[in-house]
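The exercises below are meant for someone meeting this structure for the first time. Try each task with the structure in view before reading the solution that follows.

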Amino acid sequence: MRLAYYPGCTMKTDAKNFDESTYSAAEALGIELLEPTRWNCCGTVHALAKDNVMNYLAPIRNLIRVEQMNEAELVDDKRVVTQCAMCYNTLKRANADAKADPDKMGKIRDFMEKEPNYQGSVNVVHMLELIKGLGWDEVKSKVVKPLDGLKVFPYYGCLLLRPREYGIDDPDHPTVMEDLFEALGAEVVDNPYKAKCCGAYHAVHLKEVAADLSYRILRQAQEAGADIIVTACPLCQFNLGDRQNEIKKHQREFEGIPVVYYTQLMALAFGKEGTGFEQNIPDPVPVLEEKGLL
Amino acid sequence: MGENESEMVTIHVMGKKHEVPADLTIMKAMEYAGHQFRRGAGCRGGYCGACAAMYRVKGSYKLEGALACQKIVEDGMYIAQIPFSPAEKITYDLSELKPDANTFLEYYPEISRCLSCNTCTKACPQDIEVMDYVQASLRGDVEGAARLSFDCIGCGLCAVRCPAEIVPYNVGQLARRLNSRYVIGPTEHVLKRVGEVEAGEFDADIDELKRSDRKTLQKRYESREVKL
Amino acid sequence: MSGYPEYMQGLLKLVEETRPDRVGKALRAMNAEEKEQILRDWHPDYKMDQKRKLKIGSSAGELMPHEVADTLEAHPVIKPGDIDLSNVVYDVDVLVIGAGGAGLSASLTAIEHGVAPDNVLMIQKLRLGDANSKMSQGGIQAADAPDDNPTIHYLDVIGGGHYANKPDLVEAMVKEGPDVIKWHEELGVTYDKLEDGTMQLAPGGGTSRKRMHSCKDYTGLEITRVLVDEFINKEISYVEFTSAVELVMDDKGQVAGAVLWDMDHDDYTVARAKSTILATGGFGRLHIQGFETTNHYGATNDGVVMAYHVGANLRDLDSTQFHPTGAAYPAQIVGQLCTEKLRARGAQPLNNDGVLFVYPLETRDVEASALIRECYGREKGIVTPTGMRGVWLDTPLIDVINGEGTIEREFAAMFRTFNKFGIDIREEPMLVYPTLHYQNGGVEINVQCETNVPGLYAAGEVCGGIHGKNRLMGNSQLDLYVFGRRAGRFSAERAKTATLGDLTLDHLDVYEKMLADAGVVTDRKAPTLLPEYRGKRTLEHQLKML
């Protein structure tokens, strides 16, 4: 299956491990991901003010690229796969808004001029939705190294689940990652904090707020006995992972817990190279070695 | 065909009306109208970007950009030259930089304001995908930004039009230097030859040629091996 | 869609018909006698009625084109009394006049040799980097390939220059070629390379090896913009849109700076300098013999004129380079450069029968002569709607020989320029005719870039002696950086010990007296500074060529 894949800027910079492991996991599942030859920033969700057409240009332009790929028969259908939660949310919402509002769509088309008109035919999907669609048995059949004995805490954050109409799962009781990790052979640690905010929106201006919110989640994971936290978003990854050094300065009892992208553990379970663990902070390798997985 | 037979058109240079031959470039039309350039003219061949101009044609709302030395006048054209683009080029030591997204963001943080509106691309008289190379730099794709921006002549029209106040041509210049220095790197056979020259390997042969009389030189030249 | 008028499209059919048989074929190069003959018969330099003997100064009696002699047999723009020499606005170690490849290299090198960035001043008539250097398309020579070496390069240069070159200068140039490329790469210039990481090298007219390094067909643009970027990084002081109008001397007979004309405010100021570097470029905008030119707007021979006013020696100014292939159609771009790299990559010059009539990679003087002969001797040219003659340059062969996509990739500038006029050079040939390209001669220098006047240095096209009577493609780009760097280095060294006396412009009175003594009666003034195209003169050069 050949599918259009929109990576987004973060996947090519701070979240290269997410990008790399996405390709590894997809390959094991028989999915060929193809990036548009030209793509631009998704536009980022906070820019999606309803009354400003300018901010829709970025996401819609990316969707035009997908229609072009489909037209050129480079991909098998009109889905575009996303990974970064921010990109997913932005593309999904911009797509829905533009399709629902012919006036807005008209203005976008007018402004873009030289681009072909967006037909509104693209379906934005998250990689997790795609995997779920394959069926858990299918996933299970690809596992060569079950994640036996690994206690996984899946963390969803906000943008994958909210607003409700664009979420990939029930915002109050999501289960897609739980189902995935069970299929991969891991032990899932459930906890109500899995869909709480990590504080990403305060990451720059109110660092202490972000640190506090992140710490609550980390503490819950640790108290629940998790070996590892799994995320599906580069911002969550940064707040829960990279920020631990700073959190440790203030929370002396906190020992630290590795945080990885869900695709990294998929790649591991599927026996693939290209897990990208070397980029993670803190280093997840000791825990995975201890569990006999590396 | 002399100028007497040329069809004439009307243009407005900074609001002043002139009748000029229809087949002239903006630059030559302005000269024909009596203007002597001090600013706003350079190579006159489309290589230097000194003659950026903006114009509208009667009956159209479109604001177009062009190089005055390359664009043929049209009847009813309103022309303004943009001989200077106010922009700060940051200074840096290339040997201390890293070829990644952070370098671009550190020096030109405004690139993160890019709306992907593509106005820069539409303004480019070289038909460069300007927005695409700004976007490439934003995600640290140094090679892509360098390749896409390569034909940039620095006319400044993209920077004048950008609603996010980005100066794309400065970003492209940084990308190309980073790409050459770090992604491509030096050439082995060049370094080797520099070493050989420094070691004096060719001194004796060249000395001999320098001492030769014209007749000997001519003989050597006419009979030299040509390997193309 | 063809950008050519219908009657020309008919002739194009002949080109298409002969194309398959021409692939991989080339006429043999001419031998020495044939070359001499065609130059004598057809090269513009050999038209003696287009030249005269200079009446004044150290080069009195030497032949040069009327247009050049006119600028030397002319009154200086200013008189000594016009300028208050006590009002020194800029006081620096090194003054660099001109911001092309030579001036930029000189400035960057001067600060490497100990001059503070604010103790170098660059003066530029246009913007930083707006110079012929930027317009070079095809490439830069340097003998760094394994099957090449500086000795072979030396022989190519001196034979191509008809043995009139100054050997020391040629030696310096060919030996430092590889180091210039190394320097460029360190600065971040992007040269075309093959997949194995070696340079993609092309031949040029008169080269015996593939020695041409290129940056697509934007070679000069790429190098110049990197140097400009670095120049700004180093925070070297500079003033744009300011022209040097005369050199200033001191009472010890040294050059000690220049009188500057602020072109925005029509003001004169004085810059005092311990070393002054002329990097003012050439004379294309003098339109020798009425030819259109490839040169930029500022190429008006100012450096040679100012140098002659202070008594600098000149040489080889009788010799002018006509580039064989300037655009002959459409009229809007007549005279603009169609790079020699086109022929290096396989394009052939053809007459109106679609027949190849000359080896495509003769030296430029011979190649240009052959094109002129084809048009005016053999009457085999193609006549444009404006009455100009030209021959085809069969560019589609480039893709036939090197694979589809080569033209778009390697000739982006050419492709873009012609495409604007509806001519797709992948499908249709260009129409070309020789165009005024380069002054082979100029101010005489030694290997330290010193002129015979203390304190005055020169580098780049303003100099004579490097290329003899004919320059090979890609050697002007090289000479800019070799001698630009040398000028920067040696002028910096001099500035460390030089002391200046009282400033004077008395040499202008001396010059006026020479003019009077020689009986030169004229109202001409020089340096020219800006070419005159106002009014119907816009169309003049195009008409003169008919």
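**Exercise 1.** In this predicted model, find the bridge partner of C:Leu314 in β19(C), and then work out the order of the strands in the sheet to which β19 of chain C belongs.

*Solution.* Begin with the residue itself: C:Leu314 has C:Val443 as its bridge partner in β19(C). Next, consider the two strands as a pair, where β13(C) and β19(C), the latter spanning residues 442–444, run in the antiparallel sense and are joined over two bridges. Then widen the view to the open sheet, in which three strands of chain C follow the order β13-β19-β21 with mixed pairing. The edges of this sheet are β13 (314–315) and β21 (463–464) of chain C, each of which pairs on one side only. Finally, look for what packs on the sheet: helix α9 of chain C, residues 302–309, touches β13 and β19 of chain C, and its direction makes about 40° with that of β19(C).

**Exercise 2.** Describe how helices α1 and α11 of chain A pack, and decide whether they are oblique or parallel to each other.

*Solution.* In general, a pair of packed helices is described by the angle and the distance between the axes. Here α1(A), residues 16–28, and α11(A), residues 262–269, pack at an angle of about 40° with their axes 8 Å apart. Because roughly parallel helices need an angle under 35 degrees, α1(A) and α11(A) are oblique to each other. The crossing in which α1(A) passes α11(A) is left-handed. On the α1(A) side the contact includes A:Asn17, A:Phe18 and A:Ala25, while among the residues of α11(A) that take part are A:Thr263 and A:Met266. Sorted by character, the residues of this contact are four nonpolar, six polar and no charged.

**Exercise 3.** Which helix of chain B gives the most residues to the side that touches chain C, and is chain B spread out or compact when set against the globule rule?

*Solution.* Start with the contact as a whole, which takes 68 residues from chain B and 69 residues from chain C. Several helices of chain B supply at least two residues each to the side touching chain C, including α1 (26–32), α8 (188–198) and α10 (214–222), but it is α7(B) that gives the most, with eight residues. This side of chain B divides into 29 nonpolar, 17 polar and 22 charged residues. For the second part, note that chain B has ten helices and five strands. Its radius of gyration is 25 Å, well over the 17 Å that the globule rule gives for 228 residues, so chain B is more spread out than a compact globule. Along the principal axes, the C-alpha atoms of chain B fill a box of roughly 70 × 55 × 30 Å.

Definitions and conventions: Residues numbered from 1 in each chain as written. Chains lettered and ligands numbered in written order. Predicted model: local features only at pLDDT ≥ 70, side-chain atom pairs only at ≥ 80, totals over all residues. Pairing = 2+ DSSP bridges. Helix = DSSP H or I, 4+ residues; strand = E, 2+ residues; numbered from the N terminus. Contact = placed C-beta atoms within 7 Å. Axes fitted to C-alpha atoms, helices over the stretch in contact; angles between N-to-C directions. Nonpolar A, V, L, I, M, F, W, Y, C, P; charged D, E, K, R; others polar. Parallel < 35°, antiparallel > 145°, perpendicular 65-115°, else oblique. Left-handed = near helix turned anticlockwise from the far one by under 90°. Rg over C-alpha atoms; globule rule 2.2 N^0.38 Å.
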